[in-house]
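User: I have a model open and would like the reasoning behind a few of the terms used for it. Please set each value against its cut-off.

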Amino acid sequence: MKVLIPIKRVIDYTVKIRVRPDKKGVDKKAVKMSMNPFCEIAVEEAIRMKEAKIASELVAVTIGPTKCNEQLRTAMAMGIDRAIHIKTADALETDIHLQPLAVSRILAQIVQKETPQLVLLGKQSIDDDSNQVAQMLAGRLRWPQATFASSITVADDKAEVLREVDGGAQRVSVSLPAVISTDLRLNEPRFATLQNIMKARKKPIEEIAVDELGINIEPTLEYLEIVDPPVRKGGVFVDSVQELFDKMKQHECL
């Protein structure tokens, strides 16, 4: 079984985000960039499938500027077999200009080219938090989908997925080929060893210019303004339970 794993380059989750003065995006100059955490989980799960002899080939794909190949090499250092880079202009901001509709169109073409039995991807990226690509891709391919997976079991051309939903969990079974998106509790990604990192640097990456695909990637959604969240006010100490109740009533908490 071939598995296709789309991944995305994002600002590292440990970085304190700064909004640009023009309020049209966030400052990405001199900040650490990493693989999207949900994508790392998808990569780890695909590798575990191969280790369990369920998957035979793992192919990672990313869309974006030249530097995105760093995340592809990280995926190969973890254990991915091959990598495909859909190259865009270096000035393109993937969190602003590359939106889920365009990503689903591109991935649909890659699926037609690679013919995987499973597309395994993170449920969302931590930069735009759209949570739309998996659903759009499944609809475009007319494949079954299982989102927010916290457990995946593949057997007899079917995947049984435990989904995290509001108020509990839901177990579903989908026929392959299918699209599955991963949630946080699915696994804990491994660290790539130094030896594998050095090997990954020498592995070839297939590059395809986005223009060659003939797909319109113009954004359909305009970001009018991006602002910092409001600063939280400091808490206060109270001297008694009665004072606590009085303050809660004052703020209409009771």
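User: What makes helix 2 oblique to helix 5?

Analyst: In this predicted model, the axes of helix 2 (residues 69–78) and helix 5 (residues 194–202) cross at roughly 125° and come within 8 Å. Angles from 65 to 115 degrees count as roughly perpendicular and those over 145 as roughly antiparallel. The crossing angle of roughly 125° belongs to neither class, so helix 2 is oblique to helix 5.

User: What is the handedness of the crossing of helix 2 and helix 5?

Analyst: The crossing of these two helices is right-handed.

User: Which residues of helix 2 and helix 5 meet?

Analyst: Helix 2 contributes Arg 73, Met 76 and Ala 77. On the side of helix 5 they meet Asn 196, Ile 197, Ala 200, Arg 201 and Lys 202. Contact here means heavy atoms within 4.5 Å.

User: How do the residues of that contact divide into nonpolar, polar and charged?

Analyst: Four are nonpolar, one is polar and three are charged. Ala, Ile and Met count as nonpolar, Lys and Arg as charged.

User: How much of the protein counts as buried, and what is the cut-off?

Analyst: Of the 254 residues, 44% count as buried, because each of those has under 20% relative accessible area.

User: What is the accessible surface of the protein?

Analyst: The accessible surface is about 14500 Å², and 52% of that belongs to carbon and sulfur atoms.

User: How many helices and strands does the protein have?

Analyst: The secondary structure comes to six helices and 11 strands.

Technical notes
Residues are numbered from 1 along each chain as its sequence is written. This is a predicted model: local features need pLDDT of at least 70, side-chain atom pairs count only at pLDDT 80 or more; totals for chains, interfaces and linings use all residues. Side-chain values use heavy atoms; hydrogens and water are left out. Axes are lines fitted to C-alpha atoms, for helices over the stretch in contact, and angles run from 0 to 180 degrees between N-to-C directions. Helices (H or I, at least four residues) and strands (E, at least two) are DSSP runs, numbered from the N terminus. Angles under 35 degrees count as roughly parallel, over 145 as roughly antiparallel, 65 to 115 as roughly perpendicular and the rest as oblique. A crossing is left-handed if the near helix is turned anticlockwise from the far one by less than a right angle, and right-handed if clockwise. Buried means under 20% relative accessible area, exposed over 50%, partly exposed in between (1.4 Å probe, protein chains only). Accessible areas come from the Shrake-Rupley method with a 1.4 Å probe; for residues, only the protein chains shown count as cover.
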